[in-house]
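User: Please take a close look at the largest cavity in this structure. I would also like the strands and cysteines covered.

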Amino acid sequence: MKTIRISREEMARRIARYDRLKPLPIQNASIPEKARDVIYSRKLLSVVGLETNTPINEGAPIIGAAGMTMTLAVCPPGQGPGLHSHRQTYETFTVMKGRFEVRWNDDGSGSAILELYDTVSFPPGVCRAFRNIGDEEGILQVIITGGVHDMSDIDFSSEAKKQIEAVRPGLSAEFEKAGFTFTAGR
């Protein structure tokens, strides 16, 4: 097999330095943190993005890995997004720091505790949520595969909408503008 030679400069474009990663701008600071916490990890750091820029991988330092994206989800103790489903994509989590509880099914009735380096992969259509149950900041590596990497692939539960509306009536419309829906499980 003929191989490809890559220069140091070309390879440098395929290295992501943790201390240089920037939080995704989709986490609109004009929306109260309590509402954002229902939808997102406190901080999402895009590492590997698609050749096409989407809100999920904007600013990723590494571009192009056969349709896969990788993000680091940084969560303070007790935080993590609520129940949601991906219509077409697989979402795979690996604990890089801390301990996380993952829940699944429309009502969150399934659950497991993930320790350092444990991995779980959710297929399309399954509701899932995660939460940092440790005493310190936790980090999950999030890999999405399946070709769709935008907000229209993600559907949250009606409970998530209620939590957002409790922060401020009408606030869920801001997330709907970004492409999120709140019909998972219906």
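Analyst: The cavity comes first, then strand pairing, then the cysteines.

This is a predicted model, in which local features need pLDDT of at least 70, side-chain atom pairs count only at pLDDT 80 or more, and totals for chains, interfaces and linings use all residues. Residues are numbered from 1 along each chain as its sequence is written, and side-chain values use heavy atoms, with hydrogens and water left out.

The structure holds 2 cavities of 30 Å³ or more. A cavity here is a set of points on a 1 Å grid over the protein atoms alone, where a 1.4 Å probe fits but cannot get out. Grid points are joined across faces, edges and corners, and the volume is the space filled by probe spheres set on the points. The largest cavity has a volume of about 260 Å³. Its lining counts 22 residues, each with an atom within 4 Å of a point. Closest to the centre are Ile39, Leu44, Ile56, Glu91 and Ile154.

Which elements give two or more residues to this lining? They are β3 (69–75), β4 (84–86), β5 (90–97), β10 (138–145) and β11 (154–157). Strands are DSSP runs of E, at least two residues long, numbered from the N terminus. β3 gives the largest share, 3 residues. By class, the lining divides into 16 nonpolar, 5 polar and 1 charged. Ala, Val, Leu, Ile, Met, Phe, Trp, Tyr, Cys and Pro count as nonpolar; Asp, Glu, Lys and Arg count as charged; the others, Gly among them, are polar.

Now the pairing around β1. Strand β1 spans residues 43–49, and 6 of its 7 residues are buried, meaning under 20% relative accessible area with a 1.4 Å probe and protein chains only. β1 pairs with β3 in the antiparallel sense over 5 bridges; a pair needs at least two DSSP bridges. Leu44, one of the residues closest to the cavity centre, stands opposite Ala73 in β3. β1 also runs parallel to β2 (residues 62–63), joined by 2 bridges. There, Gly49 stands opposite Ile63 in β2.

Last, the cysteines. The structure holds 0 disulfides, a disulfide being a pair of cysteine sulfur atoms within 2.5 Å. Why is the sulfur of Cys75 without a bond to the closest cysteine sulfur? That sulfur lies in Cys127, 18 Å away, too far for a bond. Cys75 is buried, at 0% relative accessible area. Cys127 is buried too, at 2%.

Technical notes
1 Å grid on protein atoms, 1.4 Å probe; cavity = no way out; pocket = protein on both sides within 12 Å on 5 of 7 lines; lining within 4 Å. Helix = DSSP H or I, 4+ residues; strand = E, 2+ residues; numbered from the N terminus. Buried < 20%, exposed > 50% of the residue type's maximum accessible area, 1.4 Å probe, protein only.
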